[in-house]
Amino acid sequence: LKTPLAVINTSVELMERIKDPERQKEKMTAIKEQTARLDKYIYDMLTISRLDHAPDLLLRTVDVNRIMSDVHERLHSTAEKKEVNIILEPASEPPNVLADESEMDRMMVNLVENALNYTPTGGTIWIRTSIIQENVQLEVKDTGIGIGEKDLARIFDRFYRADTARSTKISGTGLGLAIVKRIVEMHGGSISVESEPGVGTTFRV
């Protein structure tokens, strides 16, 4: 939290001194960006705390294809702006699970946003569902920057960010994947990841 607060504080001090409207506008933009960053940090911390201490699941039959389609529709414009192609590949039969719909939605949004953040312009993201025997599988695959082998074992740890993620300009909280894993575990599921630097990453739930 200290990093964005420091940027906000410095920007406010400079705005009080400088007279150039353009430079003032730059500092105002920086303040807005860092405020949004703080908001994301606090939201993620409150979410993981709630999932730890008050995991009240409202379980009902949920069509995973519909959740995937909703997430695809909501994030499609973000992908278009970044010139990343998102391909939706739903299972032919409705993959129904007993789940909390809002938490399933949060899990999928986190996985797809994660893929969007670390997939360069011109890349592709696949969102897939399938039924394997009696299990429903969700898959998010990307052609992004990938994750190094030494980081793979820790990417679900809270506040941990892989070396490849830290080397980008993207400011993550290090809680997105921890939230995903917690939601999966609360539903009695499992999550796995395969990745290769420079090639891409696949998450399977």
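**A chat about a predicted model**

Reply: To start with one residue, Thr202 counts as buried, because its relative accessibility is 8%, and please keep in mind that the model is a predicted one.

Me: Which strand is Thr202 found in?

Reply: Thr202 is found in strand S7, which covers residues 200-204.

Me: And what is Thr202 in contact with, leaving aside its neighbours within four places in sequence?

Reply: Once those sequence neighbours are left aside, Thr202 is in contact with Glu139, Val140 and Lys141, and also with Ser192, Val193 and Glu194.

Me: What order do the strands of the open sheet come in?

Reply: The open sheet is formed by five strands in the order S2-S4-S5-S7-S6, with mixed pairing. The edge strands, each pairing on one side only, are strand S2 (85-89) and strand S6 (192-196). On average, and ignoring direction, neighbouring strands of this sheet are turned by 10° against each other.

Me: How many bridges join S4 to S5, and do they run parallel or antiparallel?

Reply: Strand S4 (residues 124-132) and strand S5 (residues 135-142) run antiparallel, and they are joined by eight bridges.

Me: Which residue in S5 does Ile125 stand opposite?

Reply: In S5, the residue opposite Ile125 is Asp142.

Me: Let's zoom out. How many helices and strands are there in the chain?

Reply: The chain has seven helices and seven strands, and from the N terminus on these elements run α-α-β-α-β-β-α-β-β-α-α-α-β-β.

Me: What box do the C-alpha atoms fill, and what share of the residues count as buried?

Reply: Taken along the principal axes, the box filled by the C-alpha atoms is roughly 65 × 40 × 35 Å, and 39% of the 205 residues of the chain count as buried. The chain exposes about 11800 Å², of which carbon and sulfur atoms supply 51%. Among the contacts with a separation of 6 or more, 71% come from residues 24 or more positions apart.

Me: Which residues make the nonpolar surface patch?

Reply: Leu1, Leu5, Ile42 and Leu46 make a nonpolar surface patch of about 380 Å². Leu5, one of these, is found in helix H1 (residues 2-17), and Leu5 counts as partly exposed because its relative accessibility is 45%.

Me: Now helix H7, which of its residues are buried?

Reply: In helix H7 (residues 176-186), the buried residues are Leu177, Ala178, Ile179, Val180, Ile183, Val184 and Met186.

Me: What do the buried residues of H7 pack against?

Reply: They pack against helix H2 (21-53), helix H4 (101-117) and strand S7, the strand in which Thr202 is found.

Me: And what happens just after H7?

Reply: Just after H7 comes Gly188, which takes a positive phi of about 75°.

Me: Does H7 hold a salt bridge partner for Glu185, and if so, which residue is it?

Reply: The partner is Lys181, and the closest N and O atoms of this salt bridge are 3.9 Å apart. Both residues lie in helix H7, and because they are four residues apart, about one helical turn separates them. Glu185 is partly exposed, with a relative accessible area of 42%, and Lys181 is partly exposed too, with 31%.

Me: How many salt bridges does the count come to?

Reply: The count comes to 14 salt bridges. One of them joins the side chains of Asp44 and Lys40, at 3.4 Å from N to O. These two residues lie in helix H2, four residues apart, which is about one turn of the helix.

Me: Is Asp44 buried or exposed, and what about Lys40?

Reply: Asp44 is buried, since its relative accessible area is 3%, whereas Lys40 counts as partly exposed at 36% relative accessibility.

Me: Back to the sheet, what does the salt bridge of Arg204 and Glu194 tie together?

Reply: The side chains of Arg204 and Glu194 meet in a salt bridge of 3.1 Å, N to O. Arg204 lies in strand S7 and Glu194 in strand S6, so the pair ties together parts that are 10 residues apart in sequence. Arg204 is partly exposed, with a relative accessible area of 23%, and Glu194 is partly exposed, with 48%.

Me: Which residues are linked in a network of salt bridges?

Reply: The network links Glu89, Arg128, Glu139, Glu194 and Arg204.

Key
Residues numbered from 1 in each chain as written. Predicted model: local features only at pLDDT ≥ 70, side-chain atom pairs only at ≥ 80, totals over all residues. Heavy atoms only, no water. Pairing = 2+ DSSP bridges. Axes fitted to C-alpha atoms, helices over the stretch in contact; angles between N-to-C directions. Patch = residues over 30% accessible without salt bridge, like charges linked within 9 Å, V, L, I, M, F, W, Y side chains within 5 Å. Areas by Shrake-Rupley, 256 points an atom, 1.4 Å probe, with all protein chains shown as cover. Salt bridge = Lys/Arg side-chain N within 4 Å of Asp/Glu carboxyl O. Buried < 20%, exposed > 50% of the residue type's maximum accessible area, 1.4 Å probe, protein only. Contact = heavy atoms within 4.5 Å.
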